[in-house]
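Visitor: I would like to go through a model and ask what stands behind each label. Please give the cut-offs as we go.

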Amino acid sequence: MDPAWRDPATEAAILADISLDEPWALVEHFSTLTRLSGSEDEARAVDYITSRLSEWGIEHAVYHPTCLISLPGPATLRTLGPDGRNFNVKTPSFSPTTDGQEVEAELVYIPGSQAAGINELFFEQRTAVGQDLRGKIVMTEGLGIAARGFDLAGSGAVAALFINPGERIHEGITTTSWGSPDLTSTDRTPPVPILAINRPDGQALIDMLSNGPVHVAFSNQTDTSWREIPVVVAEIPGRAESDDFLLFHGHIDSWHVGVGDNATGDATLLELARVFNQHRDKLDRAIRVAWWSGHSHGRYAGSTWYADEFALDILQNCIAHVNCDSPGCRWATVYENVSWMSEAGAFVQSVIRDVAGMDSSGEGHVLRAGDCSFNNLGVTTYFMLSSTMPQELVAEKGYYSVGGCGGNIAWHTEDDTIDIADRDNLLRDMRVYATAILRTLNAPVLPFDYRATVDELSAAVARYQDAAGHDFDLEPTQDALEALRDALDEMYEAFATIGDDDDRRSAANDAQVDIARILVTLGYTRDGRFRQDPARGIPTLPALACALQLPDADPGFRPVLLNELRREQNAVVWELIQAVATVEQAIEWQSPRE
Ligand SMILES: [Zn+2]
């Protein structure tokens, strides 16, 4: 394990072959296609990619899984009375609908946080305490994504109207079911219709309310059904005899023509497939390149289907996955708050420094978003979004946080056109991705350090212990983490002496992957190896996070929380014991034989 490992000759050869010709041609073509999941325009985009792959002789398959997809239809809103007027509104994917019938109700404004932007998705629900909203339409600030920011079921409201932070209304999705639902996740949509309106119109309604009650009529429609969506997977084999592969992926579907989100990512995937294929005789491990549908209109339905369908293959052979969403956007000149799991942090920072000549920062814990559908299987990842606008520029332009397009607020709107893509930034991002992937594919020992992961878990447990105080003792978890940390120290010391020994390298890599299967799953999930946790904020080591509820818990609920912690701590410690055993075996394997 050496985060700074590199093979300069191969790297230079690969970087020299990356150009803008193919990627920019894709971006221009995709900028004419509205790629709704399962649509004809999207099929054209798939044809474009598969015809290029065929031309270059790259082996690939196109799957057509049947997934639950929801395409928003028209929505209306008008004020009633003599001065009634119509407002532009949108409804998100998976909103309950009125089937186009108007519903009349009184409007109530509950002020929310200003310009929370995308971050609302990862906050806890606020509740409308003490307000009777039965039969009312609640208006509040927010993007309406996953209908966060409001306890709609508890309020009795008949609909919710979210005031977006800017001039444009952002498209979005309300379900928190990650991928198409199973028996445990069929009830993850909001209870009532969701509408979104822009800031000026929302303000106009707020102003009207200051003059007395406002009655409105609204309607909405969505087309929600199980339908076939495309998934394209190309494979470029490596030299090694093993079945190990890295999964490099992004979504092909879009809102509107979605250039920054995510034609630029689709272009990056295609260009790197082309160049890695040209240099396949120099790749040690295989790379699979996947384009998913169902991201925007099925909450990552395509990647989730792949995680289900190929679960055992991924568990046994996938060394890492790398998501590619919204690279190469206008004004995106820095790498701040980049997604990487702790074990990959030092590695990714060294890549960005080498290729782009700048420092970078990570989010610390990968957000539950963006086709990161392999946490339950325990696969290490880095990247999702990559480059972004500098914070000063965001502030200068009066922008708010969005979930893609390098920070451009054209994200998820009609404005996400060819103007959002930037040739120089795209070339730089493709070089960063290519370098990181090459170094992962060819590193003698995978460049990840799971001591950083253990440190992240320990810090989370310390926070949970602070909250639990004397009511619950998390020391067994901390002790197990410490034992694991010590064992890992010894393991990485042994790895440093591997040299050219192929058997030792391969054993070391197997151990790294086995450790990921335990620590990533523990750190990011609690719904089980073969299920998907919901699409909402998930803290580090979620099994023990309920400790944070202890300080404010009702006396009658505290014993429930304590029971939860007792049981979950057993599960966590048991997993950590398995991890220590795995590491000890790895050390044993690496030690000199008689
Ligand atoms: Zn995206």
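**Labels and their cut-offs**

Guide: Trp-331 has a relative accessible area of 30% and is therefore partly exposed; buried means under 20% relative accessible area, exposed over 50%, and partly exposed in between, with a 1.4 Å probe and protein chains only. This is a predicted model, in which local features need pLDDT of at least 70, side-chain atom pairs count only at pLDDT 80 or more, and totals for chains, interfaces and linings use all residues. Residues are numbered from 1 along each chain as its sequence is written, and side-chain values use heavy atoms, with hydrogens and water left out.

Visitor: Where is Trp-331 found, and what is its phi?

Guide: Trp-331 is in the loop between β12 and β13; helices (H or I, at least four residues) and strands (E, at least two) are DSSP runs, numbered from the N terminus. Its phi is positive, about 70 degrees, although Trp-331 is not a glycine. Most residues other than glycine have a negative phi, and most peptide bonds are trans.

Visitor: Which peptide bond is cis?

Guide: The bond that joins Asp-261 and Asn-262 is cis, with omega about 20 degrees. Asn-262 belongs to helix α6 (residues 259–278).

Visitor: What makes an atom a donor of the zinc ion?

Guide: Donors are N, O and S atoms within 2.8 Å of the metal (3.2 Å for Na, K and Ca). The protein donors here are His-251 (NE2), Asp-261 (OD), Asp-325 (OD) and Asp-325 (OD), at 2.0 to 2.4 Å from the zinc ion. Water is not among the atoms, so sites may look incomplete.

Visitor: Why is the arrangement around the zinc ion called irregular?

Guide: Four donors count as tetrahedral if all angles lie between 85 and 135 degrees; four count as square planar and six as octahedral if opposite donors are over 155 degrees apart and all others between 65 and 115; anything else is irregular. The 4 donor atoms subtend angles of 55 to 136 degrees, so the arrangement is irregular.

Visitor: How are the donor residues spaced in sequence?

Guide: The spacing is H-x9-D-x63-D. His-251, in strand β10 (residues 245–251), and Asp-325, in the loop between β12 (318–323) and β13 (335–338), are 74 residues apart and link distant parts of the chain.

Visitor: Are His-251 and Asp-325 buried or exposed?

Guide: His-251 is at 1% relative accessibility, so it counts as buried. Asp-325 is at 5% and therefore counts as buried.

Visitor: How do you know that β10 and β11 pair?

Guide: Two strands pair if DSSP finds at least two bridges between them. 7 bridges join β10 to β11 (residues 286–292), and the two run parallel. Opposite His-251 stands Trp-292 in β11.

Visitor: What makes β1 and β12 edge strands?

Guide: The open sheet of 5 strands has the order β1-β9-β11-β10-β12, with mixed pairing. β1 (60–63) and β12 each have a single partner strand, so one side of each lacks a neighbour in the sheet.

Visitor: Which strands stand at the edges of the sheet of 7 strands?

Guide: That open sheet, also of mixed pairing, runs β3-β2-β8-β4-β5-β6-β7. β3 and β7 are its edge strands, and each pairs on one side only. Within the sheet, 5 bridges join β5 to β6, which run parallel, while 4 bridges join β4 to β8 (residues 215–228), which run antiparallel.
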